[in-house]
Amino acid sequence: MLHILVVDQGGALLDQLTALAGDAALYRFESVTVEEAYASLQQRRGDLLLVDDQAGECTGIALLHRCATELAMVVPLIYCTNSIDKEMIDAAFAAGATDVLRLKGMSADLFGRSLCYALEQVRQRLRTNSMLRTIIDLVPGMIYVKDRDGRFLLANQATAEFYGTSVSQIIGTNQAYWHRDVDEFALFQEQDRKVIDHHEHIEGMIDQLTTPDGVCHILETSKIPLSFFDGNVPAVLGISRDITENRRLQKAQTMVMAALDAAADAVVITALDGTIEYVNLAFERMTGYSAAEAIGQTPRILKSGHQDTAFYREMWKILLAGETFRAVITNRRKDGLLFEAEETITPVYDEHNHMVAFVAVERDVTEKKKAEQALRSSEERFSLAAEGSNDGLWDWDIVNDQVYVSPRVYAMVGRDETSGAIRTAADFFDLLAAADGQSGLLKRINRHLNGLTEYFSHECKISSEDGKKIRWLQARGIARRDEAGHAIRMAGSLTDITVFKQSEKELVEQSLRDPLTGLANRKMFMNHLTSAIHASDVHGDYQAAVLYIGINRMKELRTSMGDTLGDRLISKVARRIRDCTRPSDVFAYVHSGEFAMLLPKVQSQHAAEIMATRIDKAMGRPFRESAQQIKVSTSIGITMIDHSSSRVPEYVLRDAALAQSEARKRSQQYSLFDQRMHDAALQRIQLESELDDAIAGHQFQLYLQPIMDLQHEVIAGFEALIRWMHHDRGMISPAEFIPVAEETGQIIEIGKWVLRQAFQQLCKWHGMGGVRSDLYISINLSPLQLADEATLQLIYQLLEQAPFPPSHLRIEITESAILEDAEYTRSLLGKLHECGSRLYLDDFGTGYSSLSYLHSFPFDVLKVDQSFTFKIDSDPATRKITESIIQLGTHLGMKVVAEGVETEAHRNVLIGMGCHYGQGYLFSKPLPPEQAETFIDTSRLHVAGQGYADKP
């Protein structure tokens, strides 16, 4: 029973409503005054308010306006009158009326439907407001509305979190309350008033803002003017994005790149296999090769032939042992000229102490070597060079153990020339060895003095007296020998490489990290994978495991959440999986929604299975993202690395990915790779290739399956199906090749072929006349075909050229096609419907089964999936579901076709449920066109004479 509040003058409206309503069991009318109505609405008492055009001392329109402006209305306000004109209608709606009713001559049925319509309008408005509130709270950026004085009228969750409060606390407060800097607020208020007063729009404005916790933020903001309540309350809508961290990262990256490009020495970063991944400007100037020419090559492009194979063998031996390699190498420029390069190659390690790359620093010392030769012959020249060089220079008389250093050396090491004088080799080399002990330094000195290296080089770390400031220095030197080959003198330089070391570390970290998750990226993971394979070559009993972890339904999650929230979810998943790992494990983000994990030195495959179970358990807890809980599951593929596994890292990761795909298909926690998976992948590739041949070689055949009128047992039409007649394998089932064709895009050309064949068949039947001219053919379209403009143009062209009614060529789509892009699909189906084609929603009940699709999309026919039909005579639950689907379609004015009708029991149950049409082996299996002709002739179609005016 509806509780209706009535405000009128003298009771005339109440009498009229009582007479009009008739059935007292449906309505309870309560006559109230203006103030009583207002109080009732404040207390949410009453379902509707009906107001006469004269309501007491104030008019009904005045009451409507008062309620609309001062109360958050949750019931319909209906303005009642016996005479209506346009001005009065406009005034009532402007005052806030939900509807205007002319009671004179109105029937009780129309009155009831009008009240229901008004109630639905209000409920829809409340649902819409709730949806809008949820949407703005889900947006990661700040959205807010302020009045001219800076008072918050609206704010989303991101705005409240930015200020460190809640939405309820921020609404109604002035923005000045949340600002510590008065000048900042004054600037924002001036911008807001400029937008409001002059109706200006501000796009992409960069502002600085200090939050109550004292943190300074950089915001990118857009503002537009708004007005509420008939324009009486001007306001500004602001949309802001915190770009503080982005600016910091951009600045840091710019500084790193600028530092490297400003360096005088050439810098080269290579992968473990020697592939060049980065060069700086100094490298381009030194070698003549541009970065584009060098990246992807190896340092062999500079090879001059002056160093023999033994030299490079020793170099790799030193590097793979984890030591720094230093030497003077004769290289060749791009133009063919030779130059001497002083080269230092250093292994780079990640946080797990795994070697991941090499960094080489090269300095052209062609001229320097000439200068060193001159220094050995003249102390005066040595002094002049020392005074003019930015590097510190040193000279060691080995025979007399006397060391001379230039003043620049004292400045570099932070010593006073008088109190901390450097006189002997012990003074000098003890200073350089202070940070890492003498073993590394003395090893390199002795190697050079014994003639094993062409020159001496050592990097050292010097700390300030308080230990807070670190300076990196590189010492270089070369020995002069007597006729017997004994070193008698050694001279060299000391270079400050602090800036380079910092830049080198940051650059390597950036190049090997995924910016979204902070995990190792694919390149770093492949380096670790290479090391694991190498370890299995060296140690016969070595085993490691690779896990490939995929987030299930990642595409659907991104579609529903948006890219920003999707990225945030991936980061949370990454953190949760990382918590499952051991310190020695390598965890990487290798693809969109996909991770890889390397478990080194495992005893058996069981360790990998334990890790997979641990990850699955961690995913059991839902994630909370923007006021909603999201259930995330993963599927995991496992493959082992040992002496018998593939030696190619890419193949190992591929095997794990194949196992992950198998786990996802079988809805398993994890799956172990075996050779059958690889063979299946090869067979799939072969099938793709043969599909191309089938398309080009016309190996497909059109088959038709009848759709029968269940009540009259007459043919209504056919569904077009396809069969592949392979030249070697015979007929291949669509279940085998259609999924492959949809994933590869080959379904586009196959679908066009089916369209043309069905069109030709319909043209033939129309030309034959008789019962055949009444038949239709329905064609299935996949999401890819719906998104293909050429396919759609072909459909429009065929419908326009058709000699038969356009409704004879029908389109079937599944719910998955709608889920891809609902708005686009709705617009597309509307166009097809306008062209005269009838539309089928296929396999209803097996997927999302949204009632909104049935209501808002122009479907003519609902198809019940055969999985329901098979059980309707044996399973009560399935029978009830099927009956509900049939009744739903019928109530919405749609015809219903049941698939999979195989027995008389199926047909009888469906008829009892009110199902209109059936399709299945009870009537006929799919037939080639010539056999379909025979079926038409032998069926009861020619004696039915009915049923076609109401076909699906």
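**Close-ups of a predicted model**

**View 1. A nonpolar patch that involves helix α5.** Met131 sits in helix α5, which covers residues 108-138. This is a predicted model, and the close-up starts with that one residue. Met131 has a relative accessible area of 51%, so it counts as exposed, the cut-off being over 50%. Met131 also has company: together with Leu132, Ile135 and Val139, Met131 makes a nonpolar surface patch of about 360 Å².

**View 2. Strand β26, covered along its length.** Here we turn to β26, the strand made of residues 634-641. It's mostly covered, with 8 of its 8 residues buried. In a regular strand, side chains alternate between the two faces of the sheet. Now look at which way the residues of β26 point: Thr634, Ile636, Ile638 and Met640 go one way, while Ser635, Gly637, Thr639 and Ile641 go the other. Whichever way they point, all of them are buried.

**View 3. The partners of β26.** Which strands pair with β26 here? One is β21 (residues 544-551), which runs antiparallel to β26 and pairs with it over 8 bridges. To find a spot where they meet, look for Ile551, whose bridge partner in β26 is Thr634. Another is β27 (residues 670-672), which pairs with β26 in the parallel sense over 3 bridges. For this pair, try Ile638, whose bridge partner in β27 is Leu672. And how does the chain get from β26 to β27? It crosses through helix α23 (residues 649-665), and this β-α-β crossover is left-handed.

**View 4. Asn353, a loop residue with positive phi.** Find the loop between β14 (338-349) and β15 (355-364), and you'll find Asn353. Most residues other than glycine have a negative phi. Asn353 has a phi near 65°, a positive value in a residue that isn't glycine. Is Asn353 buried or exposed? Its relative accessibility is 58%, so Asn353 counts as exposed.

**View 5. Glu713, another loop residue with positive phi.** This time the loop is the one between β28 (700-709) and β29 (714-726), and Glu713 lies in it. Glu713 isn't a glycine either, and its phi is positive, near 55°. What about its cover? With a relative accessible area of 30%, Glu713 is partly exposed, because that value falls between the cut-offs of 20% for buried and 50% for exposed.

Terms used:
Residues are numbered from 1 along each chain as its sequence is written. This is a predicted model: local features need pLDDT of at least 70, side-chain atom pairs count only at pLDDT 80 or more; totals for chains, interfaces and linings use all residues. Side-chain values use heavy atoms; hydrogens and water are left out. Buried means under 20% relative accessible area, exposed over 50%, partly exposed in between (1.4 Å probe, protein chains only). Helices (H or I, at least four residues) and strands (E, at least two) are DSSP runs, numbered from the N terminus. Two strands pair if DSSP finds at least two bridges between them. A crossover is right-handed if, with the strands pointing away from the viewer, the path from the first strand over the helix to the second runs clockwise. Patches are made of residues with over 30% relative accessible area and no salt bridge: like charges are joined within 9 Å, nonpolar side chains (Val, Leu, Ile, Met, Phe, Trp, Tyr) within 5 Å. Accessible areas come from the Shrake-Rupley method with a 1.4 Å probe; for residues, only the protein chains shown count as cover. A salt bridge is a side-chain nitrogen of Lys or Arg within 4 Å of a carboxyl oxygen of Asp or Glu.
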